[in-house]
Amino acid sequence: MRTPPEPRTTRTARTASTPPASPTSRTTRTALLALLAAAALAVTAVGCGSAAEEAGGGSPAGDGGGGGVTVTHLKGSTTLKAPAKKVVALEWTYAEDLLALGVSPAGVADVEGYGQWVTGGPRFGTGVKDVGTRQAPSLETIKALKPDLIITSRVRSEANYAQLDKIAPTLMFDPYSTDSEYEEMRATLKTIGTAVGRPEAADTALKDLDAKIGAAKRKLDAAKKGGTEVTVARGYTTDGAAVVEVLTGSTIPGGLLPRLGLRNAWQGQADAYGMSKVDIEGLKPVEKSSLVYVAARNDDVFAGSLPKNTLWRNLDFAKNDRVHALDPGTWFFGGPYSTAQVADEIADALTS
């Protein structure tokens with residue numbers, strides 16, 4: 001069976017009992033983010049406190065009013081002579097961000113995969129060029145598009161960042177870099193909004209997201225579901241065996257739960273992506289919660305192979321019908337559209 005393409009195609013996921021222990025661990029990356037945040041504040045202090053600075057973590061380039069902008073990202077500060085108009089996104093999250101800002105990307109890595117796995121928000125227009133896979137995009141194809149900005153992630157492009165930056169100014173982010181992927185998603189959207197000259201659109205997208213989260217919370221409150229303990233998971237088959245990954249509080253769904261008036265039942269150790277890979281026995285501590293999950297239609301281990309196991313059938317949430325499938329296109333690793341969809345799906349699952 002085909003397994004979900006994100007994020008296990010890029011790093012080996014650690015088990016729940018093995019904490020991250022590498023130079024790119026969550027602690028190290030959080031410290032780096034703090035340094036970058038300080039740099040961003042320094043850049044802002046040089047500027048004039050404009051709306052662009054406040055909205056996007058960037059500032060006017062200070063080039064005599066030529067319309068340039070400076071934004072801060074994992075590789076430092078990048079100055080654009082003018083807000084970017086022709087942008088290539090090598091990570092689906094940032095492609096979604098561009099759509100939320102009203103910008104049609106010139107190129108996207110794995111357009112077909114995006115259409116299958118990321119179902120929240122509008123679709124790409126026919127003019128969007130596929131530039132290859134996210135893990136190994138075609139540099140020739142990207143160069144041929146003559147972009148004025150490339151946006152990528154550390155997990156995809158650490159090794160070839162210099163090559164990308166020679167083609168066009170390249171912004172690099174890490175959606176798994178902090179203890180709150182939800183807050184990182186919001187901050188990155190604002191930064192990209194500044195880079196493309198649409199800080200107001202970023203503010204609007206986040207206000208729309210907040211409104212949708214608020215509506216989902218009101219739906220849960222009306223159904224008297226406030227305070228419900230929830231476990232969020234995804235599952236798939238690898239080498240004939242069911243794999244279950246539970247999302248910790250550091251993930252986007254983990255950040256959403258308290259905003260929906262819910263409680264994340266899972267307190268396990270996070271891997272580099274904020275998830276814990278567990279077996280059936282590992283779910284015993286959260287069996288009193290409600291389990292909501294995402295699985296592919298043709299590989300739903302929660303409805304297929306797991307219920308064949310006696311241990312699974314004896315878990316309280318399985319015995320008492322508190323296992324809820326979310327739409328297979330619900331994407332846990334996206335931008336504002338995907339995040340709103342997660343909120344809607346969880347609210348619908350718990351109130352249906």
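The dialogue below walks through strand pairing and aromatic contacts in this predicted model.

Q: How are the strands of a sheet held together, and which strands run antiparallel here?
A: As a general idea, strands of a sheet pair through backbone hydrogen bonds, and the pairing is either parallel or antiparallel. In this structure the antiparallel case is given by strand β2, residues 69-73, and strand β3, residues 76-80, which are joined by five bridges. Within that pairing, T72 has S77 of β3 as its bridge partner, and the two strands form a hairpin with two residues between them.

Q: What is the order of the strands in the open sheet, and why is one side of β6 and of β8 left without a neighbour?
A: The general idea of pairing through backbone hydrogen bonds applies here too. The open sheet has five strands in the order β6-β5-β4-β7-β8, with parallel pairing. Because β6 and β8 (170-173) stand at the edges and each has a single partner strand, one side of each lacks a neighbour in the sheet. Helix α8, residues 181-195, packs on this sheet, where it touches β7 (149-153) and β8, and the direction of α8 makes about 170° with that of β8. Inside the sheet, β4 (residues 87-89) and β5 (residues 107-108) run parallel and are joined by two bridges, with A89 standing opposite V108 of β5.

Q: How should a pair of aromatic rings be read, and how many such pairs are there?
A: A pair of aromatic rings is described by two values, the distance of the centres and the angle of the planes. In this model the count comes to 10 aromatic pairs. One of them is the tilted pair of Y114 and F124, at 4.5 Å centre to centre and with 40° between the planes. This pair links distant parts of the chain, since Y114 belongs to helix α4 (residues 111-117) and F124 to the loop between α4 and β6 (129-130), 10 residues apart. Both Y114 and F124 are buried. W331 and F333, by comparison, form an edge-to-face pair, at 5.3 Å centre to centre and with 75° between the planes, and both of these residues are buried as well.

Q: Which residues form one aromatic cluster, and which charged end sits over the ring of W92?
A: The cluster is formed by W92, Y114, F124, W331, F332 and F333, and thus contains both of the pairs just described. Over the ring of W92 sits the charged end of R134, 3.6 Å from the ring centre. Elsewhere, K75 lies over the face of Y161, at 5.3 Å from the centre of that ring.

Definitions and conventions. Residues are numbered from 1 along each chain as its sequence is written. This is a predicted model: local features need pLDDT of at least 70, side-chain atom pairs count only at pLDDT 80 or more; totals for chains, interfaces and linings use all residues. Side-chain values use heavy atoms; hydrogens and water are left out. Two strands pair if DSSP finds at least two bridges between them. Helices (H or I, at least four residues) and strands (E, at least two) are DSSP runs, numbered from the N terminus. Rings of Phe, Tyr and Trp (its six-membered ring) pair if their centres lie within 6.5 Å; planes under 30 degrees apart count as stacked, over 60 as edge-to-face and the rest as tilted. Buried means under 20% relative accessible area, exposed over 50%, partly exposed in between (1.4 Å probe, protein chains only). A charge sits over a ring if NZ of Lys or CZ of Arg is within 6 Å of the ring centre and within 35 degrees of the ring normal. Contact means heavy atoms within 4.5 Å. Axes are lines fitted to C-alpha atoms, for helices over the stretch in contact, and angles run from 0 to 180 degrees between N-to-C directions.
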